[in-house]
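Here are a few friendly notes to read alongside the model. I have kept them to a sheet and the helices around it.

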Amino acid sequence: MTQAPNDKAARLIDVARRAEVSRATAARALGGYGLVTEATRERVLAAAAELNYRVNELARSMRSGRSLTIGVVVADISNSFFNSAIRAIIETASRAGYQILVLNTDDDIEKERNAVRVLIEKRVDGLIVVPASQHEIEHLLVQSEPEVPVVLLDRRVDSDEIDFVTTDDRVAAGAAIRHFAAAGHVRIGLLVATASVEGHCLAMPEQVVSTVRDRVEGATAALAELGLAVNPEWTRYCHSSVETARAAMAEILASPEPPTAILATNEEMALGALAAAQEFAVGIGEALSIIAFDEAPWTGVFRPPLSVIRRPVAKLGAAAAELLLKKIEDSSYRSSQVLQAELIARRSVEAPAL
């Protein structure tokens, strides 16, 4: 690769001379701002590559008034769904010249408030947040100078001032219930993940995030439409951990007339249900059918392969990043999105044993 004259680090003026453009035009082409024709941009990028030119990010951010960073506040970084979403955010943002700062909250509202405050203090240009509460949102209505736009990922809140990118989980949960019913199941239960409880309980907590409410309401509405019983003994609301889900599922299986099908609302719930089924020697796809929200990497190789509600996680992350980038460029831009999920039927759902 050709180096700059005298083997010194290439400067912007060197790139401009090689591309036969002005220094200002070279800066616009490399910085991705302003009006530059595609042909000129390609010529400048080619010259930069030939000279091994590296953009001085500090200088560029000082000129643009931006830090070229985006803050991401995620509920549970250990969950494979959020891992995949973050990867898509990083890839989308990096193509626009942005770096990502990720903070984890464990679905704790105080940690979320602190994370938002810290990221704003670090002068991020925008925030993507997985909100821990549908109601406690004052910290998300950011009042700062310069303005920091916010996009919500995976969940909505009680405000029409904050844009979001989510999936239609109500419809997806209803589709799962109908799939169970089509296979002949009439005793259908739910294993529901929520940060609103420490252990597990029978009744829905008063404060839950939008995904929890949508999935439960979608499932119960479908059960009612099908004329099937909604037995509260077949449902548990669980802290989102495998061990809590296992203990809750064990209680369900130990009941006099346990359900023959379970909808697990996240990866931890599915793993807990499988662990309890193994403990009780209950065969999956035999005495118990299972559908899980989200296609974790292991679901297709488990035996039998697990039926899942596949949400377009990479598309969700990319859409959130793209929306935020538009809002950074134009503070008046508004556009929430609701994407569709897909039921992937596998052998974990079969007709109930007689």
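The points below go from the sheet to its strands and then to the helices.

1. Please keep in mind that this is a predicted model. A good place to begin is the open sheet of 7 strands, whose order is β7-β8-β6-β9-β10-β11-β13, with mixed pairing. Its edge strands are β7 (200–201) and β13 (342–344), each of which pairs on one side only.

2. Let's look at β6 and its neighbours. Strand β6 (residues 188–193) runs parallel to strand β8 (residues 235–238), and 4 bridges join them. Along this pair, L190 stands opposite T235, and V192 stands opposite Y237. With β9, β6 again pairs in the parallel sense, over 4 bridges, and here G189 is opposite I262.

3. The next step along the sheet is from β9 to β10. Strand β9 (residues 261–264) and β10 run parallel and are joined by 4 bridges. I262 appears again in this pairing, standing opposite I290 in β10.

4. How many residues of β6 are buried? The count is 6 of the 6, so β6 is largely enclosed by the rest of the structure. In a regular strand, side chains alternate between the two faces of the sheet. Both faces of β6 are covered: I188, L190 and V192 are buried on one side, and G189, L191 and A193 are buried on the other.

5. Strand β10 (residues 289–293) can be read in a similar way. Here 5 of the 5 residues are buried, so β10 is largely enclosed by the rest of the structure. On one side the buried residues are S289, I291 and F293, and on the other they are I290 and A292, so to speak a cover on both faces.

6. Now for the helices. Two packed helices are described by the angle between their axes and the distance between the axes. Helix α7 (residues 169–182) packs against helix α8 (residues 210–225) at an angle of about 40 degrees, the axes being 7 Å apart. That angle makes α7 oblique to α8. The crossing of the two is right-handed.

7. Which residues in α7 and α8 meet? From α7 come D169, R170, A173, G174, I177 and R178, and they meet T211, D214, R215, E217, G218, A219, A222, L223 and E225 in α8. By class, the residues of this contact divide into 5 nonpolar, 3 polar and 7 charged.

Definitions and conventions
Residues are numbered from 1 along each chain as its sequence is written. This is a predicted model: local features need pLDDT of at least 70, side-chain atom pairs count only at pLDDT 80 or more; totals for chains, interfaces and linings use all residues. Side-chain values use heavy atoms; hydrogens and water are left out. Axes are lines fitted to C-alpha atoms, for helices over the stretch in contact, and angles run from 0 to 180 degrees between N-to-C directions. Angles under 35 degrees count as roughly parallel, over 145 as roughly antiparallel, 65 to 115 as roughly perpendicular and the rest as oblique. A crossing is left-handed if the near helix is turned anticlockwise from the far one by less than a right angle, and right-handed if clockwise. Contact means heavy atoms within 4.5 Å. Ala, Val, Leu, Ile, Met, Phe, Trp, Tyr, Cys and Pro count as nonpolar, Asp, Glu, Lys and Arg as charged, and the others, Gly among them, as polar. Buried means under 20% relative accessible area, exposed over 50%, partly exposed in between (1.4 Å probe, protein chains only). Two strands pair if DSSP finds at least two bridges between them.
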